[in-house]
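I opened this model to take notes on the fold of each chain, on the domains and on the nonpolar cores. The entries follow in the order in which I looked things up.

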Amino acid sequence: MKKSLFFSLLLMVAVYAGGCTGRPETLPPVTPATASGDPAYGDSLVEGSIGEPTVLIPMLAGDNASHAVAGLIFNGLVKYGTDLRIIGDLAESWDISRDGLIITFRLRKGVRWADGVAFTAHDVMFGYKTIIDEKTPTAYSEDFRQVKKAEVLDDYTFRVTYQKPFAPALSSWGGLVVLPKHLLEGKDITKTEFARNPIGLGPFRLVKWSPGQELILNSYKDYFEGRPYLDHYIFRIIPDRATMFLELQAGGVDIMDLTPIQYTKQTETGFFRDNFRKFRYPQFVYTYMGFNLKHPFFVDKRVRQAIACAIDKSELIDVVLFGLGNPATGPYVPNTWPYNPGVKKYEYSPAMAKKLLKEAGWEDTDGDGILEKDGRPFRFTILTNMGNSLRMNTATIIQWRLAQVGIRVDIRALEWSTFVNQFIDKRRFEAVILGWSIGLDPDQYDIWHSSKTKEKEFNFVTYKNPEVDELLERGRRTFDVKERKKTYFRIQEILADELPYIFLYVPDATPIVHARFAGIRPSPIGIEYNLPKWYVPAGLQRHRMEP
Amino acid sequence: MSVYLLKRLLEMIPTLFGITLISFFIIHLAPGKPTDIFTELNPKITPEAREKLERYYGLDKPIVVQYGIWLKRIVRLDFGESFSSDHRPVMDKIWDAKKPLIERRLFVTFLINVLSMAVILAIAIPLGIFSATHQNTLYDKITTTAVFIGFAMPSFWLALLLMILFGVHLHWLPISQLKSMNYGSLSLPGQIGDLARHLILPIFVSAFTGLAADSRFMRSSMLEVIRQDYVTVARAKGLPERLVIYRHAFRNALLPIITLVGLSVGSLVGGSVIFENIFGIPGMGQLFYMSVMTRDYPTVMGILTIGAILTLMGNLLADLGYMLADPRIRAR
């Protein structure tokens, strides 16, 4: 009795509350909300995030959420264009000396910090000094330690001199080092209020941060590339993905990343087609199976090639990623300039795999279905990290496929830190399934160069190839894109032949955005790069907020 | 009485010390470090940079020394500074004195738990008594089934179902978080109404799934009590059944519930972790989860210490409540 009374009481409260107050800031959605119309100022974009930013000074931040928000508040000297070439941001132009040692940036004039003070080369110098300061706890100082000398030539000219030519250097002058000197000089950067209440010069500025709830950003009307059309950008923290997906349907979130099953199944309804737009583009990430090249099984490259032939990459993509990805052929993302589409590919062919294994001396001599060589059965363990179901599923399919050519695979999932500290760093593995997220610069010296094989370094598979070493060095010493392209194309050819890793797949990013937003131009670097140009046509605007 | 209270309070100190010692070592035994978020498999970091970060957080010192440093600060009620990259004092994260009450994490967690406990008791006690007095009737069986369904149902699943019904289909209730985005511009009654609307689902879920223990305890202790001789005597002398149950049996049957409530104070922090994450509520449980994930030792320790103090206080209150309810204990 009591219980049913409680139930009806609850319903009454709910009805009452729903009927009378609604969501006062939200106008009823217009259906169908296909954005067409002229650009107009107004409305808000609500982005859902599972993580909360910790600090909004880019050089101190380590997590994606912090960088996502800080990226809207701060700009760099340069940035990547949609074709992945470096273009000017706060720097109008720059010169690189013939020997590649000196970069001179000419800065834009008339740019102002949100508090009205002019932006000058002194701000860049201040940021540079802060990032190389011993007392700054940053993970990004490495690129800046290559700088031999930094000078402010005048208010709008900044010059850096390197010890050696260093091509990734240019991109390092992206979003990390521009800080307002007039607000931060002489202060302890880790203690200042600035980290949670920053003054920037980017398209948006922070007005309110409710911990564990949301960050509200207003557009910066004097943004140097023009006032953003959207008045507000709201970063809502919803730690649970399922909850966030419900918020999306209820109108509480406008943009979020979908999981493969949400993308391919749950959003394939009339409601979603009418009210949302889905996007899809390759992420700058690839998943691979890496071999311990010191292990006797994997020394012979024919064995690695045989394993590549025994794995069906398109099957992995269809099953693990619901088709939302591309097969990887090397450590670069398809359709970007360093990507070489012409490398050796390994079609799925168990017959070919068996043939290669036989050539390498592996044969099933005792008829138990497992190959042997010198009396040793071909049996090894794939390690991967716990909690990543994509990698676990990948490992399971590979296990099944390799069994068909006579290789017995065991799978072991380990907690991340244990995995890295006890197994990767100590080289206690036979094969691993892992992923790399790759920077936009093609330099991968740390991953493939033979000098990077010590503990805690990243060539943990112990790959050694003198030609690759030389190419890697050449690639990071030249700024000429054509020249670099040649270098990295050759590296991919060698890697595809020698297969220190089997490059498995590049998963797609799959964001969904409410259909009232127009001006979105998908590109290889995603969709949010031109957020200030997104708009909602006047008739479709939904959120209003008092200033 | 006051001597007893003093003694109990003093006894809490070594217990608390033991709890912090064990928690400190366990959390440091877990693989991983707070610097991992920057350094693990990040090709841009050199061994020197890694050491620099570890020195910065004092992680290069032996663990006993680290505990000593922590303990030295804690006696001055200083929880230290968070290892996450915001470097804020832990106390500010848990209880930010500059913010309104509702934005302080400890208060949010406390509020939700007190409310849900009140709801649980308000339903579980009558439910249990009724089941006991109507033992083995259809009513008893229905309530038993119902509370066990609640007990067995995963709270996250129930939460999602209710969100779909009330949030997505009916648009009656907000799905997540504690406040609407326009909360700041509402009048005071509007703000309270807004909070209440956001609290309905979390409190319902935690009450419904937590009903079983209290109501079953109430039922069995009531059953035991009404078999006692003095209840038979009360009935024999012709008292109405209502008086027999609610005046004579009820007080005695309540004793185990007091203990149960006292003990459950400690599990508040633990239980909050799950539903604060599902509902996106900015409480202490959510902070705890994030801190564990990033190995933010000072924040984890701060929350564990507060949790331990709350548990010990809960036990103490339960004992005091016991004394109030039971003259036999008071006499001792």
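I began with burial in chain A, where 44% of the 547 residues count as buried; a residue is called buried if 20 or more other C-beta atoms lie within 10 Å of its own, exposed if 12 or fewer, and partly exposed in between, with C-beta atoms placed from the backbone. I note that this is a predicted model, in which local features need pLDDT of at least 70 and side-chain atom pairs count only at pLDDT 80 or more, while totals for chains, interfaces and linings use all residues. Residues are numbered from 1 along each chain as its sequence is written, and chains are lettered from A and ligands numbered from 1 in the order in which they are written.

For the secondary structure of chain A I found 17 helices and 22 strands, where helices (H or I, at least four residues) and strands (E, at least two) are DSSP runs numbered from the N terminus. The radius of gyration of chain A is 27 Å, close to the 24 Å that the globule rule gives for 547 residues, so chain A is as compact as a globular protein of that length; the radius is taken over C-alpha atoms, and the rule is 2.2 Å times the number of residues to the power 0.38. Along the principal axes, the C-alpha atoms of chain A fill a box of roughly 80 × 80 × 40 Å. I also looked at contacts (C-beta atoms, placed from the backbone, within 7 Å), and in chain A residues 24 or more positions apart account for 70% of those with a separation of 6 or more.

Next I examined two helices of chain A. Helix α7 (residues 241-250) is mostly covered, since eight of its ten residues are buried, and Phe245(A), Glu247(A) and Gln249(A) are among them. Just after α7(A), Gly251(A) takes a positive phi of about 95 degrees. Is Pro466(A), in helix α16 (residues 466-477) of chain A, buried or exposed? Pro466(A) counts as exposed because it has 8 C-beta neighbours inside 10 Å. The C-alpha atoms of Pro466(A) and Leu45(A) are 51 Å apart, with these positions 421 residues apart along the chain.

I then turned to the domains of chain A, whose bounds come from an automatic or database domain assignment: domain 1 (29-52 + 211-281 + 510-540), domain 2 (73-182) and domain 3 (285-507). The centres of domain 2 and domain 3 of chain A, taken over C-alpha atoms, are separated by 36 Å, and their contact takes twelve residues from domain 2 and eleven residues from domain 3. On the domain 2 side, helix α5 (residues 168-172) of chain A gives the most, with three residues.

Moving to chain B, I counted 15 helices and zero strands, and its C-alpha atoms fill a box of roughly 85 × 55 × 40 Å along the principal axes. Of the 332 residues in chain B, 37% are buried. The mean pLDDT of chain B (the predictor's confidence in each residue, from 0 to 100) is 85, and 95% of its residues reach 70 or more. For the model I noted ipTM 0.81 and pTM 0.82.

Chain B is divided into domain 1 (2-94) and domain 2 (102-331), with 31 Å between their centres, taken over C-alpha atoms. Their contact takes 25 residues from domain 1 and 21 residues from domain 2. Which element gives the largest share of the domain 1 side? I found that α1(B) does, with ten residues.

Last, I looked up the nonpolar cores, each a set of buried Ala, Val, Leu, Ile, Met, Phe, Trp, Tyr and Cys residues joined through C-beta atoms within 7 Å. The largest has 190 residues, of which Ile57(A), Ile502(A) and Ala159(B) touch the most other members. Helix α9 (residues 188-226) of chain B gives the largest share of this core, twelve residues. Leaving aside neighbours within four places in sequence, Ala159(B) is in contact with Leu201(B), Val205(B), Phe275(B), Ile278(B) and Phe279(B). Apart from this core lies another, of 16 residues, including Phe24(B), Trp70(B), Phe79(B) and Ile306(B).

How values were computed
Contact = placed C-beta atoms within 7 Å.
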